[in-house]
Amino acid sequence: MEQEMNITVNQMPRIGDTAPDFEAVTTKGPVKLSEYAKDKWIVLFSHPADFTPVCTTEMSGFATRKSEFDALNTELMGLSIDSIHAHLAWVNNVRENTGVYFDFPIIADIDMNVSKLYGMLQPNESETAAVRAVFFIDPAKKIRLIMYYPLNVGRNMDEILRALYALQVSDKQGVALPLDWNKGQLAIVPPPKTLDEMQERIDGDFDEKVDFYLVKKKLNE
Ligand code: BEZ
């Protein structure tokens, strides 16, 4: 049996934690997270390496759908354990080859500081490259959703945008969103916490009711 790597990495961040603060060099200049994108959501994502195929498709996906993130009041921020020089050359290369421009900051995390803070360095997957992580950070700088993908499987941009929108709808409307929920579909009324609330669910007129604990309603989105 293979031995597990035993490299010390920082504790993994968790949903609900304040996003660990950092200062970093990026393709758009220096960034301090706690002072960045005030009153906005941030999608912070890592990729294993510049000039690699899956990463190129993913970064191009973020770039081509940036207007959808803008519409959700969200700033994008990429990261890999590459130098700023590699980032600039890759951004330019992809623009020359495909016309797609990575018009958002990409952190040059050459000292692995941010990767370690965010549990992006998972030594049994790779000792030198960040895994494919996505952190959804809300305007209060709280981590609200985390995705980790391995090196050889690309992420799904529809799911990233769907999850971001679902988080925002859930916050604004005090609802929960069911399996595969998408814009325009019924939302779940949070299950009752008291007998009175249970009776309201039993007696109420809802758009869909399975039982008092699974009640759905239309949203004004
Ligand atoms: C890629 O983006 O294609 C890739 C990067 C690192 C390891 C494996 C694949």
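This section describes the surroundings of the ligand and the largest pocket in a predicted model.

The shell around the ligand consists of P48, T52, P53, V54, C55, R132 and L151. By class, five of these residues are nonpolar, one is polar and one is charged. Helix α1, which spans residues 53-64, supplies three residues, the largest share of the shell.

Oxygen atoms of the ligand lie close to polar atoms of the protein backbone and of a side chain. At V54, a backbone N or O atom is placed 2.8 Å from a ligand oxygen. For C55, the distance between a polar backbone atom and an oxygen atom of the ligand is also 2.8 Å. The contribution of R132 comes from its side chain, in which a polar atom is 3.1 Å from an oxygen atom of the ligand. The ligand taken alone exposes 260 Å², and 75% of that area is buried by the protein.

The largest pocket was examined in the same model. Its volume is about 160 Å³. The residues that line the largest pocket are R65, E68, L72, D158, L161, R162, Y165, N182 and K183. Five charged residues are found in this lining, together with three nonpolar residues and one polar residue. Helix α5, covering residues 157-173, provides four residues, which is the largest share of the lining.

Technical notes: Residues numbered from 1 in each chain as written. Predicted model: local features only at pLDDT ≥ 70, side-chain atom pairs only at ≥ 80, totals over all residues. Heavy atoms only, no water. Near = heavy atom within 4 Å. Polar contact = N/O pair within 3.5 Å; in protein donor to acceptor, adjacent residues only side chain to side chain. Areas by Shrake-Rupley, 256 points an atom, 1.4 Å probe, with all protein chains shown as cover. Helix = DSSP H or I, 4+ residues; strand = E, 2+ residues; numbered from the N terminus. Nonpolar A, V, L, I, M, F, W, Y, C, P; charged D, E, K, R; others polar. 1 Å grid on protein atoms, 1.4 Å probe; cavity = no way out; pocket = protein on both sides within 12 Å on 5 of 7 lines; lining within 4 Å. Points joined across faces, edges and corners; volume = space filled by probe spheres on them.
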